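Visitor: I'd like a close look at one part of this protein, with the side-chain geometry spelled out. Could you walk me through it?

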Amino acid sequence: MIGPMTPPRPILIADAAIALIAERGLRGLTHRAVDEEAGLPAGSTSNLARTRAALLELALTRIAERETEDHPGLAAEPPAAAPTPAAARDLLVRVGADLLHRALTSSRRLTVARLELALEATRRPELRAVYDRLGGRFADIAAALLARCGSAEPTADARRLIRWCDGVLFNATAGSGHWNVPAPEELRDEVARYLAALLDRG
């Protein structure tokens, strides 16, 4: 039953869709299943997202929101929080390691759902456009921080860093390392090493 502390209906529906994708895969995602998962009357989901494409976009947009919400390193313009190259490096290491660890532990279901949607995006151009647009926000933040770190090519280095992060997420979620999630200290060390390799090469 919806009460005074219940999230707004679009968030309730999006979160229910994410839970279903993570638990059952995309084959288990239907408008009726989302209604049942969210505890809403039949037809609620189709009223908000009439097509399957709209429902997938709703879920993907909500994943991007949840992956960064309440994170102090991403709540404001990152360069303003890092006035020197050394401070920018420290911030990027902290933020990167924290986001990775959360994605592999407390937000693991979000990561599984995002991987499912990433594969679906290879078959749905409209979902690919949404995925790339949302991913561009992460790339912009990374590039801004890398520029403040002293990168000579921050946009290219942001792409390299994101590729590495995506590899870590896949490996520790669905790949051969799924049984061995890196500890926070290990991730901080690895992010620092990779960042040094990017910034100190040549």
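Visitor: Let's zoom in on one spot. Which side chain meets Asp-189 in a salt bridge, and what is the N to O distance?

Guide: That would be Arg-193, with 2.8 Å from N to O. Keep in mind that this is a predicted model. Asp-189 and Arg-193 both sit in helix H9, four residues apart, so about one helical turn separates them. The general geometry behind that is simple: an α-helix has 3.6 residues a turn, so residues three or four places apart point the same way. As for solvent, Asp-189 has 39% relative accessibility and counts as partly exposed, while Arg-193, with a relative accessible area of 59%, is exposed because the cut-off for that class is over 50%.

Salt bridges that share partners can also link up, and here Asp-15, Arg-62, Glu-65 and Arg-66 are joined into one network that way. One link in it is the bridge from Arg-62 to Glu-65, whose closest N and O atoms are 3.4 Å apart. Those two are three residues apart in helix H4 (residues 52-68), so again about one helical turn lies between them. Arg-62 counts as buried at 12% relative accessibility, whereas Glu-65 is partly exposed, with a relative accessible area of 40%. Helix H5 (residues 85-104) has a bridge too: Arg-102 and Asp-98 are four residues apart there, about one helical turn, and their side chains meet at 3.8 Å, N to O. Asp-98 is partly exposed, with 32% relative accessible area. In total, the count comes to 13 salt bridges.

Back to H9, which has an aromatic side to its story as well. The structure holds one aromatic pair. Its rings belong to Trp-164 and Tyr-194; the centres are 5.2 Å apart and the planes meet at 10°, so the pair is stacked. The cut-off at work here is an angle under 30 degrees. Tyr-194 lies in H9 (residues 184-199) and Trp-164 in helix H8 (residues 154-173), so the pair ties together parts that are 30 residues apart in sequence. Tyr-194 counts as partly exposed, at 22% relative accessibility.

H8 also carries Asp-157. This acidic residue is buried, with a relative accessible area of just 1%. If you leave aside its neighbours within four places in sequence, Asp-157 is in contact with Leu-146, Ser-151, Leu-198, Leu-199 and Arg-201.

One last stop, since Asp-15 came up in the network: helix H1 covers residues 9-24. At 1.5 Å a residue, its 16 residues should span 22 Å, and the end C-alpha atoms are 22 Å apart, so the two agree. Quite a few of its side chains are tucked away: the buried residues in H1 include Leu-12, Ile-13, Ala-16, Ala-17, Leu-20 and Ile-21. The buried residues of H1 pack against helix H2 (31-38), helix H3 (44-48), H4 and helix H6 (108-121). Just after H1 comes Gly-25, which takes a positive phi of about 80°.

Technical notes: Residues numbered from 1 in each chain as written. Predicted model: local features only at pLDDT ≥ 70, side-chain atom pairs only at ≥ 80, totals over all residues. Heavy atoms only, no water. Phe/Tyr/Trp six-rings, centres within 6.5 Å; stacked < 30°, edge-to-face > 60°. Buried < 20%, exposed > 50% of the residue type's maximum accessible area, 1.4 Å probe, protein only. Salt bridge = Lys/Arg side-chain N within 4 Å of Asp/Glu carboxyl O. Contact = heavy atoms within 4.5 Å. Expected span 1.5 Å × (residues − 1).
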